[in-house]
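Here are a few notes to read alongside the coordinates. I hope they help you find your way around.

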Amino acid sequence: MSKPHIADHEVCAQVARGSYGSVWLARTVLGEYRAAKVLERRRFPSPERYEREWAGLREYEPISRRHPGLVHILQVGRCADDQWFYYLMEVADDVTGEGRIDPHSYMPRTLRAEMDRRGRFPVRACVAVGWALAGAVASLHGEGLVHRDLKPANVLYVRGTLKLGDIGTVSRHAPAGPSVGSVGYHPPEGSGLPSGDLFSLGRILYELFSGIPVQEAGESLPDLTPRLRGASERAFYEVVRRCSHHDPEGRPATARDLQRELESVPSA
């Protein structure tokens, strides 16, 4: 679509495009930048899917500002003929990390971009990322919601803070129904329950720690045991293995439990 009209905002540039919509960089009348996600009815396979996306947004928006690890929804609207809707949210930092946004060169800083830049993370950094993400996931689960598509590209840095982004897949807990998610991070039992988010988080932490792209490795990830050095790495890897266990019963019971397990990892 051409640039959307969003009240009281200057839409500057398109920064991402997906199956059902696009993300635009927008500037407020006060000069602050926001990310505007626009979902187009015509790009959904059915009217029901379009309305389900709207319903998920209605579930997430009221709780989005209750935890620092959830991307904040700041404004929501529909166009006059109801052929698309949008939501404005906090904008991710620029990938350069310089603390300013240039609309002509802006690229969002995501965990995926950071992993591509830095390679594998040291164990203490992995623990810090895991603890922060588990806290955000716990907050979401506490509201009866699941994310269903956790992956590095959907984790944003906003003023240096890690936040769960791309909330279009957020829904109520549901053991049945359509399962969504991304190859490599999708839980084997489906994505409708909190345990599925924990599996996805475990796969993120495995990739962060190992530097091995899980989307290319398939279901059976290489065993990292031979390359572990020290008690800290061994303890962290055990947490990762439990979190990404193929049987939900083998994973931590909750995201809060995962946080506690990460807190027990000894310092390097």
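1. Let me begin with the second pocket. Please keep in mind that this is a predicted model. By class, 8 charged, 5 nonpolar and 2 polar residues make up the lining of the second largest pocket. That lining counts 15 residues, and Val91, Ala92, Asp93, Ile101 and Arg159 are the ones nearest the centre. The space in this second largest pocket comes to about 280 Å³.

2. Now to the largest pocket, which holds about 1,200 Å³ of space. Its lining takes in 46 residues, with Lys37, Asn154, Asp166, Gly168 and Thr169 closest to the centre. Sorted by class, the lining of the largest pocket has 20 nonpolar, 15 polar and 11 charged residues.

3. Which elements each supply at least two residues of the lining of the largest pocket? They are strand 1 (9–17), strand 2 (21–28), strand 3 (33–40), helix 1 (47–60), strand 5 (84–90) and strand 9 (171–172). Helix 1 gives the largest share, 6 residues.

4. Helix 6 is worth a look on your screen. It covers residues 230–243, 14 in number, and reaches 20 Å from its first C-alpha to its last, close to the 20 Å expected at 1.5 Å a residue. Its buried residues are Ser232, Glu233, Phe236, Tyr237, Val239, Val240 and Cys243. Viewed down the axis of helix 6, these buried residues fall within an arc of 155 degrees, so they line one face of the helix. Their packing partners are helix 3 (123–142), helix 4 (194–210) and helix 7 (255–263).

5. Helix 3 deserves its own point. Of its 20 residues, 14 are buried, so to call helix 3 mostly covered is fair, taking buried to mean under 20% relative accessible area. The end C-alpha atoms of helix 3 are 28 Å apart, which agrees with the 28 Å that 20 residues should span at 1.5 Å a residue. After helix 3 comes Gly144, with a positive phi near 80 degrees.

6. You may want to check two backbone angles. Asp82 is not a glycine, yet its phi is positive, about 60 degrees. This residue, Asp82, sits in the loop between strand 4 (73–78) and strand 5. Arg148, also a residue other than glycine, has a positive phi near 80 degrees. Arg148 belongs to the loop between strand 6 (145–146) and strand 7 (155–158).

7. Are these two residues buried or partly exposed? Asp82 has 24% relative accessibility and therefore counts as partly exposed. Arg148 has a relative accessible area of 13%, so it is buried.

Notes:
Residues numbered from 1 in each chain as written. Predicted model: local features only at pLDDT ≥ 70, side-chain atom pairs only at ≥ 80, totals over all residues. Heavy atoms only, no water. 1 Å grid on protein atoms, 1.4 Å probe; cavity = no way out; pocket = protein on both sides within 12 Å on 5 of 7 lines; lining within 4 Å. Points joined across faces, edges and corners; volume = space filled by probe spheres on them. Helix = DSSP H or I, 4+ residues; strand = E, 2+ residues; numbered from the N terminus. Nonpolar A, V, L, I, M, F, W, Y, C, P; charged D, E, K, R; others polar. Expected span 1.5 Å × (residues − 1). Buried < 20%, exposed > 50% of the residue type's maximum accessible area, 1.4 Å probe, protein only. Arc of directions from axis to C-beta. Contact = heavy atoms within 4.5 Å.
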